[in-house]
Amino acid sequence: MPIVRVQEADFDVGRELEVLTGGRTDVGALASFVGLVRSANDGRGVSAMTLEHYPGMTERALDDICREAASRWDILESLVIHRVGSLEPGDRIVLVGVTSAHRGEAFAACEFIMDYLKTRAPFWKKEATSEGEKWVEARASDDVAANRWKG
Amino acid sequence: MVTLLYFASLRESLSCSREQVPLAAPTATVESLIDHLRSRGERWAEAFAPGRSFRVAVNQQMADAATPVKPGDEIAFFPPVTGG
């Protein structure tokens with residue numbers, strides 16, 4: 001069962017990842033990804049960010065993505081925590097963790113979950129920049145990253 | 001009646017986050033709903049102009065123009081997602 005949380009509060013990476021491995025002896029690999037707020041985007045300084053989401057659909061979409069990963073790779077557990085609300089440069093935005101018996105499956109599933117999250121989970125970033133507030137535009141490179149998992 | 005939700009830049013440009021509207025026909029689709037929204041005036045026509053990039057979800061599942069909608073459905077309109 002995937003663990004999926006959408007929250008305003010920060011998370012403790014070590015503690016959250018321990019939940020995936022605690023009490024188990026069949027885990028040989030734990031792959032994780034942490035996304036952070038950058039202080040610059042597309043050449044503009046970013047002083048703050050607001051993350052909006054679609055409550056209900058977001059959790060469902062993240063759960064679906066984790067289940068899709070579990071159907072493609074032999075993984076044991078998966079976890080996605082994504083923050084919403086007001087964030088500042090350096091803040092953690094997202095944590096993905098995947099466990100498996102061997103590293104290859106965990107690495108691949110973790111990357112897949114992030115690529116699909118980027119293109120399918122209903123989150124939207126608004127940046128406060130030197131030129132005012134601006135909604136972040138979707139990147140074609142994110143579609144390319146997600147599409148390579150097709151077929 | 002169906003519930004319409006708008007998110008992010010679409011919510012801001014339409015000054016609307018949520019509304020309830022009656023379905024004009026029993027065989028409505030996402031496309032017929034968008035046609036109706038476009039007819040509301042310049043701001044709406046512009047937001048849903050054919051070249052504009054927006055996404056639609058019906059009952060919290062990604063949908064497309066041909067997806068049918070029925071009374072009680074929740075239909076959400078939003079720009080391409082930018083999380084992570």
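**Exercise 1. Determine which backbone atoms the side chain of Thr129(A) reaches.**

*Solution.* Begin with the oxygen: the side chain of Thr129(A) reaches the backbone oxygen of Gly132(A) at 2.8 Å. Next, the backbone nitrogen of Glu131(A) is reached by the same side chain at 2.9 Å. A polar contact is a pair of N or O atoms within 3.5 Å; within protein, one must be able to donate a hydrogen and the other to accept it, and residues adjacent in sequence count only if both atoms are side-chain atoms.

This is a predicted model, in which local features need pLDDT of at least 70 and side-chain atom pairs count only at pLDDT 80 or more, while totals for chains, interfaces and linings use all residues. Residues are numbered from 1 along each chain as its sequence is written, chains are lettered from A and ligands numbered from 1 in the order in which they are written, and side-chain values use heavy atoms, with hydrogens and water left out.

**Exercise 2. Describe the surroundings of Thr129(A).**

*Solution.* Thr129(A) lies in strand 8 of chain A; helices (H or I, at least four residues) and strands (E, at least two) are DSSP runs, numbered from the N terminus. With a relative accessible area of 11%, Thr129(A) is buried, where buried means under 20%, exposed over 50% and partly exposed in between (1.4 Å probe, protein chains only). Neighbours within four places in sequence aside, Thr129(A) is in contact (heavy atoms within 4.5 Å) with Arg44(A), Gly45(A) and Val46(A).

**Exercise 3. Explain why Cys66(A) forms no disulfide with Cys110(A).**

*Solution.* A disulfide is a pair of cysteine sulfur atoms within 2.5 Å. The closest cysteine sulfur to that of Cys66(A) is in Cys110(A), at 9.9 Å, which is too far for a bond. Cys66(A) is buried at 1% relative accessibility, and Cys110(A) is buried at 6%. A search of the whole structure finds zero disulfides over all chains.

**Exercise 4. Characterise the contact between chain A and chain B.**

*Solution.* First, count the residues: chain A supplies 26 and chain B supplies 20. Second, take the area: the two chains bury about 1,800 Å² between them, 56% of it on carbon and sulfur atoms; buried area is the accessible area (1.4 Å probe) that two parts lose on being put together, summed over both. Third, count the salt bridges (a side-chain nitrogen of Lys or Arg within 4 Å of a carboxyl oxygen of Asp or Glu): there are two between chain A and chain B. Lys126(A) and Glu12(B) meet in a salt bridge at 2.5 Å, N to O.
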